[in-house]
Amino acid sequence: MQEGGQIDELDRAIVAALQLNGRAPWSLIARLVGASESTVVRRAGLLGDSGLLKVIGVADVLRCGLGVPVLSRLRCRPGTTYDVAAAIAGRPQARFVTVVSGSADCVAEFVVPSHTDIGRIMVADVPGGDRVTGSETHAVMRTFVSNHDWNPGVLDERATAELRDAAEPPFEDCLGEGTPERLDALELAIIQALGEDGRMPYKTLARAVGSSESTAKRRVESLVRRGCLRFRTLAEPEVLGYAVEFMLWLEVEPGLLERAGQQLAAHPSTRYLSATTGRFNLVAQVALRHYGGLFRYLTGDVGSLPGLRAADVTLQLTTLKRAWAPTPAARTENPAS
(Lines give C-alpha, C1' and ligand atoms only; values in the text may rest on other atoms or scores of the structure.)
Protein backbone atom coordinates (compact mmCIF):
# COMPACT_ATOMS: atom_id res chain seq x y z
CA MET A 1 0.00 0.00 0.00
CA GLN A 2 1.45 3.29 -1.04
CA GLU A 3 1.96 5.99 1.57
CA GLY A 4 -0.92 7.99 0.09
CA GLY A 5 -3.35 5.17 0.77
CA GLN A 6 -3.74 4.05 -2.85
CA ILE A 7 -3.69 0.37 -3.81
CA ASP A 8 -1.23 -0.39 -6.62
CA GLU A 9 -0.23 -3.49 -8.58
CA LEU A 10 2.38 -4.54 -6.03
CA ASP A 11 -0.22 -4.44 -3.26
CA ARG A 12 -2.56 -6.58 -5.37
CA ALA A 13 0.21 -9.07 -6.05
CA ILE A 14 1.04 -9.36 -2.34
CA VAL A 15 -2.62 -9.86 -1.39
CA ALA A 16 -3.05 -12.37 -4.23
CA ALA A 17 -0.03 -14.35 -3.01
CA LEU A 18 -1.50 -14.50 0.49
CA GLN A 19 -4.88 -15.48 -0.94
CA LEU A 20 -3.17 -18.46 -2.57
CA ASN A 21 -1.15 -19.34 0.54
CA GLY A 22 -1.88 -17.42 3.73
CA ARG A 23 1.27 -18.61 5.51
CA ALA A 24 3.69 -18.30 2.60
CA PRO A 25 7.10 -17.00 3.77
CA TRP A 26 7.71 -13.32 3.06
CA SER A 27 10.88 -14.32 1.21
CA LEU A 28 8.89 -16.50 -1.20
CA ILE A 29 6.26 -13.79 -1.77
CA ALA A 30 8.98 -11.19 -2.36
CA ARG A 31 10.66 -13.33 -4.99
CA LEU A 32 7.41 -14.06 -6.81
CA VAL A 33 6.15 -10.47 -6.87
CA GLY A 34 9.56 -8.99 -7.78
CA ALA A 35 10.19 -6.82 -4.72
CA SER A 36 12.49 -6.85 -1.72
CA GLU A 37 11.36 -8.73 1.36
CA SER A 38 11.46 -5.52 3.44
CA THR A 39 9.18 -3.79 0.92
CA VAL A 40 6.72 -6.68 0.94
CA VAL A 41 6.60 -6.76 4.75
CA ARG A 42 6.12 -2.97 4.90
CA ARG A 43 3.36 -2.96 2.28
CA ALA A 44 1.55 -5.86 3.96
CA GLY A 45 1.83 -4.05 7.28
CA LEU A 46 0.25 -0.91 5.84
CA LEU A 47 -2.59 -2.94 4.33
CA GLY A 48 -3.12 -4.67 7.65
CA ASP A 49 -3.11 -1.41 9.61
CA SER A 50 -5.73 0.02 7.25
CA GLY A 51 -7.99 -3.02 7.77
CA LEU A 52 -7.70 -4.11 4.13
CA LEU A 53 -5.73 -7.30 4.77
CA LYS A 54 -5.75 -9.98 7.44
CA VAL A 55 -4.84 -13.67 7.46
CA ILE A 56 -6.66 -15.94 9.89
CA GLY A 57 -6.96 -19.64 10.58
CA VAL A 58 -10.43 -21.12 10.08
CA ALA A 59 -11.84 -24.48 11.05
CA ASP A 60 -14.06 -26.62 8.85
CA VAL A 61 -16.98 -26.76 11.25
CA LEU A 62 -18.74 -29.62 9.47
CA ARG A 63 -15.63 -31.78 9.33
CA CYS A 64 -14.78 -31.10 12.97
CA GLY A 65 -18.31 -31.48 14.31
CA LEU A 66 -18.29 -27.88 15.54
CA GLY A 67 -21.61 -26.91 13.98
CA VAL A 68 -23.75 -26.66 10.88
CA PRO A 69 -23.49 -23.63 8.55
CA VAL A 70 -26.84 -22.08 7.70
CA LEU A 71 -27.49 -19.46 5.02
CA SER A 72 -30.42 -17.13 5.61
CA ARG A 73 -32.08 -14.69 3.23
CA LEU A 74 -34.00 -11.95 5.00
CA ARG A 75 -36.50 -9.30 3.89
CA CYS A 76 -36.64 -6.15 6.01
CA ARG A 77 -38.99 -3.25 6.55
CA PRO A 78 -38.09 -0.24 4.38
CA GLY A 79 -35.25 1.78 5.84
CA THR A 80 -34.20 -0.83 8.40
CA THR A 81 -31.93 -3.15 6.40
CA TYR A 82 -28.61 -1.76 7.64
CA ASP A 83 -29.86 -1.80 11.23
CA VAL A 84 -30.89 -5.44 10.86
CA ALA A 85 -27.57 -6.35 9.25
CA ALA A 86 -25.65 -4.65 12.05
CA ALA A 87 -27.71 -6.49 14.66
CA ILE A 88 -27.02 -9.82 12.94
CA ALA A 89 -23.31 -9.05 12.63
CA GLY A 90 -23.21 -8.58 16.39
CA ARG A 91 -24.37 -12.15 16.94
CA PRO A 92 -21.53 -14.55 17.81
CA GLN A 93 -23.17 -17.25 15.64
CA ALA A 94 -22.96 -15.03 12.53
CA ARG A 95 -19.95 -15.86 10.35
CA PHE A 96 -20.90 -13.80 7.28
CA VAL A 97 -23.30 -10.84 6.88
CA THR A 98 -24.01 -8.75 3.80
CA VAL A 99 -26.61 -6.23 2.65
CA VAL A 100 -27.89 -7.14 -0.82
CA SER A 101 -30.29 -5.92 -3.50
CA GLY A 102 -32.81 -8.07 -5.30
CA SER A 103 -35.17 -10.69 -3.89
CA ALA A 104 -33.63 -10.33 -0.42
CA ASP A 105 -32.35 -7.38 1.61
CA CYS A 106 -29.79 -9.13 3.80
CA VAL A 107 -27.96 -12.46 3.64
CA ALA A 108 -26.27 -14.03 6.64
CA GLU A 109 -24.45 -17.25 7.39
CA PHE A 110 -24.84 -18.63 10.89
CA VAL A 111 -23.07 -21.58 12.44
CA VAL A 112 -25.40 -23.43 14.80
CA PRO A 113 -24.66 -26.50 16.96
CA SER A 114 -26.93 -28.72 14.85
CA HIS A 115 -29.69 -28.41 12.27
CA THR A 116 -32.25 -28.63 15.07
CA ASP A 117 -31.05 -25.25 16.36
CA ILE A 118 -32.13 -23.42 13.22
CA GLY A 119 -35.56 -22.78 14.68
CA ARG A 120 -34.11 -21.16 17.77
CA ILE A 121 -32.36 -18.47 15.73
CA MET A 122 -34.74 -17.98 12.83
CA VAL A 123 -38.08 -18.51 14.59
CA ALA A 124 -37.85 -18.02 18.34
CA ASP A 125 -35.17 -15.31 18.33
CA VAL A 126 -35.14 -13.68 14.90
CA PRO A 127 -32.19 -11.29 14.52
CA GLY A 128 -33.57 -7.82 13.91
CA GLY A 129 -36.91 -8.59 15.57
CA ASP A 130 -40.03 -7.20 13.93
CA ARG A 131 -37.93 -5.28 11.40
CA VAL A 132 -37.57 -8.61 9.57
CA THR A 133 -40.67 -9.26 7.46
CA GLY A 134 -39.62 -12.63 6.06
CA SER A 135 -36.79 -15.13 6.00
CA GLU A 136 -35.67 -18.23 4.15
CA THR A 137 -33.14 -20.63 5.61
CA HIS A 138 -30.81 -23.08 3.84
CA ALA A 139 -28.62 -25.52 5.75
CA VAL A 140 -25.29 -26.31 4.08
CA MET A 141 -24.93 -29.99 3.19
CA ARG A 142 -21.66 -29.87 1.28
CA THR A 143 -19.09 -27.24 0.36
CA PHE A 144 -17.66 -27.58 -3.16
CA VAL A 145 -15.26 -24.65 -2.88
CA SER A 146 -14.66 -21.97 -0.27
CA ASN A 147 -13.07 -18.53 -0.27
CA HIS A 148 -9.64 -19.75 0.80
CA ASP A 149 -9.54 -21.98 -2.32
CA TRP A 150 -10.16 -19.06 -4.70
CA ASN A 151 -7.48 -18.00 -7.17
CA PRO A 152 -8.01 -14.30 -8.02
CA GLY A 153 -5.97 -14.65 -11.21
CA VAL A 154 -3.54 -11.83 -10.38
CA LEU A 155 -0.30 -13.86 -10.46
CA ASP A 156 0.97 -15.93 -13.36
CA GLU A 157 0.69 -19.71 -13.53
CA ARG A 158 4.24 -20.34 -12.35
CA ALA A 159 3.85 -18.22 -9.22
CA THR A 160 0.41 -19.67 -8.56
CA ALA A 161 1.68 -23.24 -8.81
CA GLU A 162 4.60 -22.53 -6.50
CA LEU A 163 2.38 -20.98 -3.85
CA ARG A 164 -0.29 -23.65 -4.13
CA ASP A 165 2.26 -26.47 -3.95
CA ALA A 166 3.29 -25.16 -0.53
CA ALA A 167 -0.30 -24.72 0.65
CA GLU A 168 -2.96 -27.13 1.82
CA PRO A 169 -5.48 -28.87 -0.48
CA PRO A 170 -9.12 -27.71 -0.64
CA PHE A 171 -11.44 -28.72 2.18
CA GLU A 172 -13.36 -31.32 0.25
CA ASP A 173 -10.40 -33.39 -0.96
CA CYS A 174 -10.77 -36.04 1.75
CA LEU A 175 -14.12 -35.30 3.36
CA GLY A 176 -16.14 -38.45 3.82
CA GLU A 177 -19.44 -39.31 5.43
CA GLY A 178 -18.03 -40.84 8.58
CA THR A 179 -17.79 -39.54 12.12
CA PRO A 180 -16.52 -35.95 12.33
CA GLU A 181 -13.01 -35.29 13.57
CA ARG A 182 -12.78 -34.78 17.31
CA LEU A 183 -10.47 -31.98 18.36
CA ASP A 184 -8.78 -32.00 21.76
CA ALA A 185 -8.32 -28.96 24.00
CA LEU A 186 -4.91 -28.08 22.55
CA GLU A 187 -6.16 -28.23 18.97
CA LEU A 188 -9.14 -26.03 19.84
CA ALA A 189 -6.79 -23.53 21.50
CA ILE A 190 -4.55 -23.53 18.41
CA ILE A 191 -7.49 -22.85 16.12
CA GLN A 192 -8.70 -20.05 18.39
CA ALA A 193 -5.25 -18.41 18.47
CA LEU A 194 -4.77 -18.66 14.71
CA GLY A 195 -8.26 -17.27 14.26
CA GLU A 196 -6.85 -13.98 15.52
CA ASP A 197 -3.60 -14.11 13.54
CA GLY A 198 -3.13 -16.79 10.90
CA ARG A 199 0.52 -15.85 10.35
CA MET A 200 1.45 -16.15 14.00
CA PRO A 201 4.96 -17.68 14.29
CA TYR A 202 5.07 -21.12 15.89
CA LYS A 203 7.10 -19.76 18.79
CA THR A 204 4.41 -17.19 19.57
CA LEU A 205 1.66 -19.76 19.05
CA ALA A 206 3.35 -22.15 21.47
CA ARG A 207 3.38 -19.50 24.18
CA ALA A 208 -0.26 -18.65 23.51
CA VAL A 209 -1.47 -22.25 23.86
CA GLY A 210 0.99 -23.44 26.52
CA SER A 211 2.94 -26.02 24.50
CA SER A 212 6.40 -26.44 23.05
CA GLU A 213 7.16 -24.92 19.66
CA SER A 214 7.68 -28.33 18.08
CA THR A 215 4.33 -29.56 19.45
CA ALA A 216 2.51 -26.47 18.17
CA LYS A 217 4.01 -26.91 14.70
CA ARG A 218 3.22 -30.62 14.62
CA ARG A 219 -0.39 -30.06 15.69
CA VAL A 220 -0.94 -27.31 13.10
CA GLU A 221 0.43 -29.56 10.36
CA SER A 222 -1.83 -32.37 11.54
CA LEU A 223 -4.90 -30.13 11.55
CA VAL A 224 -4.13 -28.96 8.02
CA ARG A 225 -3.42 -32.47 6.76
CA ARG A 226 -6.72 -33.75 8.20
CA GLY A 227 -8.62 -30.90 6.56
CA CYS A 228 -9.64 -29.37 9.88
CA LEU A 229 -7.70 -26.10 9.53
CA ARG A 230 -7.27 -23.72 6.61
CA PHE A 231 -5.81 -20.24 6.32
CA ARG A 232 -8.08 -17.52 5.01
CA THR A 233 -6.90 -14.18 3.65
CA LEU A 234 -9.46 -11.49 4.39
CA ALA A 235 -9.36 -8.83 1.69
CA GLU A 236 -12.28 -7.17 -0.06
CA PRO A 237 -12.59 -8.16 -3.75
CA GLU A 238 -11.97 -4.60 -4.94
CA VAL A 239 -8.47 -4.77 -3.47
CA LEU A 240 -7.80 -7.53 -6.02
CA GLY A 241 -9.45 -5.61 -8.86
CA TYR A 242 -12.98 -7.04 -8.73
CA ALA A 243 -15.78 -4.49 -9.06
CA VAL A 244 -18.87 -6.59 -8.38
CA GLU A 245 -19.64 -9.35 -5.89
CA PHE A 246 -22.94 -11.20 -5.64
CA MET A 247 -24.73 -14.22 -4.24
CA LEU A 248 -26.06 -16.70 -6.78
CA TRP A 249 -29.04 -18.85 -5.76
CA LEU A 250 -29.79 -21.82 -8.00
CA GLU A 251 -32.45 -24.50 -8.18
CA VAL A 252 -30.98 -27.59 -9.84
CA GLU A 253 -32.47 -31.01 -10.53
CA PRO A 254 -31.29 -33.25 -7.65
CA GLY A 255 -29.86 -35.91 -9.95
CA LEU A 256 -27.62 -33.32 -11.64
CA LEU A 257 -26.62 -31.38 -8.55
CA GLU A 258 -23.16 -32.94 -8.35
CA ARG A 259 -22.38 -32.24 -12.00
CA ALA A 260 -23.66 -28.67 -11.80
CA GLY A 261 -21.72 -28.08 -8.58
CA GLN A 262 -18.45 -29.38 -10.03
CA GLN A 263 -18.87 -27.28 -13.17
CA LEU A 264 -19.61 -24.07 -11.29
CA ALA A 265 -16.88 -24.72 -8.71
CA ALA A 266 -14.32 -24.85 -11.54
CA HIS A 267 -15.27 -21.37 -12.79
CA PRO A 268 -12.55 -18.83 -11.91
CA SER A 269 -15.07 -16.30 -10.58
CA THR A 270 -16.55 -18.68 -8.00
CA ARG A 271 -15.36 -17.72 -4.51
CA TYR A 272 -17.73 -20.00 -2.58
CA LEU A 273 -20.16 -22.75 -3.53
CA SER A 274 -22.23 -25.12 -1.44
CA ALA A 275 -25.12 -27.53 -1.81
CA THR A 276 -27.94 -26.61 0.54
CA THR A 277 -31.37 -27.63 1.70
CA GLY A 278 -34.37 -25.51 0.78
CA ARG A 279 -35.81 -23.90 -2.35
CA PHE A 280 -32.33 -23.15 -3.69
CA ASN A 281 -30.07 -26.20 -3.50
CA LEU A 282 -26.87 -24.62 -4.88
CA VAL A 283 -25.61 -21.31 -3.49
CA ALA A 284 -22.55 -19.42 -4.71
CA GLN A 285 -20.66 -16.25 -3.98
CA VAL A 286 -19.16 -14.83 -7.15
CA ALA A 287 -16.81 -11.93 -7.97
CA LEU A 288 -16.48 -10.32 -11.40
CA ARG A 289 -14.00 -7.68 -12.52
CA HIS A 290 -16.65 -5.58 -14.28
CA TYR A 291 -20.39 -5.13 -13.80
CA GLY A 292 -20.75 -5.38 -17.57
CA GLY A 293 -19.72 -9.03 -17.39
CA LEU A 294 -22.73 -9.99 -15.29
CA PHE A 295 -25.14 -10.55 -18.21
CA ARG A 296 -22.70 -12.77 -20.11
CA TYR A 297 -21.92 -14.71 -16.93
CA LEU A 298 -25.61 -15.40 -16.25
CA THR A 299 -26.61 -16.26 -19.81
CA GLY A 300 -23.50 -18.27 -20.63
CA ASP A 301 -21.79 -19.73 -17.57
CA VAL A 302 -24.89 -20.14 -15.42
CA GLY A 303 -27.22 -20.88 -18.33
CA SER A 304 -25.07 -23.83 -19.40
CA LEU A 305 -25.27 -25.63 -16.05
CA PRO A 306 -26.87 -29.08 -16.29
CA GLY A 307 -30.28 -29.46 -14.67
CA LEU A 308 -30.77 -25.74 -14.01
CA ARG A 309 -34.37 -24.89 -13.21
CA ALA A 310 -34.14 -21.37 -11.78
CA ALA A 311 -31.53 -18.76 -10.92
CA ASP A 312 -31.61 -15.70 -8.69
CA VAL A 313 -28.97 -13.02 -8.13
CA THR A 314 -28.60 -10.77 -5.10
CA LEU A 315 -25.92 -8.10 -5.56
CA GLN A 316 -23.78 -7.48 -2.48
CA LEU A 317 -23.95 -3.81 -1.55
CA THR A 318 -22.14 -3.71 1.79
CA THR A 319 -20.56 -6.71 3.50
CA LEU A 320 -20.22 -6.30 7.26
CA LYS A 321 -18.66 -9.59 8.31
CA ARG A 322 -16.51 -12.30 6.69
CA ALA A 323 -15.22 -15.43 8.40
CA TRP A 324 -16.36 -14.06 11.80
CA ALA A 325 -14.34 -10.85 11.30
CA PRO A 326 -15.84 -7.35 10.82
CA THR A 327 -14.95 -5.82 7.45
CA PRO A 328 -13.69 -2.23 6.91
CA ALA A 329 -17.27 -1.31 5.92
CA ALA A 330 -18.53 -2.43 9.33
CA ARG A 331 -16.27 0.15 10.98
CA THR A 332 -17.52 3.08 8.87
CA GLU A 333 -20.63 5.14 9.28
CA ASN A 334 -23.92 3.34 8.63
CA PRO A 335 -24.63 3.92 4.92
CA ALA A 336 -28.32 4.29 5.68
CA SER A 337 -27.84 7.16 8.11
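At 35% relative accessibility, E221 counts as partly exposed, a label for values between buried (under 20% relative accessible area) and exposed (over 50%), found with a 1.4 Å probe on protein chains only. K217, at 36%, is partly exposed as well. The two residues form a salt bridge whose closest N and O atoms are 2.4 Å apart; the term requires a side-chain nitrogen of Lys or Arg within 4 Å of a carboxyl oxygen of Asp or Glu. K217 and E221 sit four residues apart in helix 10 (residues 213-225), separated by about one helical turn. Helices (H or I, at least four residues) and strands (E, at least two) are DSSP runs, numbered from the N terminus. Elsewhere, E181, D184, E187, R219 and R226 are joined into one network by salt bridges that share partners.

The model is predicted, so local features need pLDDT of at least 70 and side-chain atom pairs count only at pLDDT 80 or more, while totals for chains, interfaces and linings use all residues. Residues are numbered from 1 along each chain as its sequence is written, and side-chain values use heavy atoms, with hydrogens and water left out. Mean pLDDT, the predictor's confidence in each residue from 0 to 100, is 91 for the protein chain, and 92% of its residues reach 70 or more.

In total, the structure holds 21 salt bridges. One of them links D8 with R43, with the closest N and O atoms 3.0 Å apart. Because D8 lies in the segment before helix 1 and R43 in helix 3, this pair ties together parts that are 35 residues apart in sequence. Both D8 and R43 are buried.

Turning to the interior, the largest nonpolar core has 28 residues, and V15, I29, V33, L155 and L163 touch the most other members. Such a core is a set of buried Ala, Val, Leu, Ile, Met, Phe, Trp, Tyr and Cys residues joined through side-chain atoms within 4.5 Å. Helix 1 gives the largest share of this core, eight residues. Leaving aside residues up to four places away in sequence, V33 touches L10, A13, I14, V40 and L155.

Strand 6 (residues 229-234) is largely enclosed by the rest of the structure, because six of its six residues are buried. Its two faces are both covered, with L229, F231 and T233 on one side and R230, R232 and L234 on the other. Strand 1 (residues 54-59) runs antiparallel to strand 6, and six bridges join them. Within this pairing, V58 stands opposite R230.

How values were computed. Contact means heavy atoms within 4.5 Å. Two strands pair if DSSP finds at least two bridges between them.
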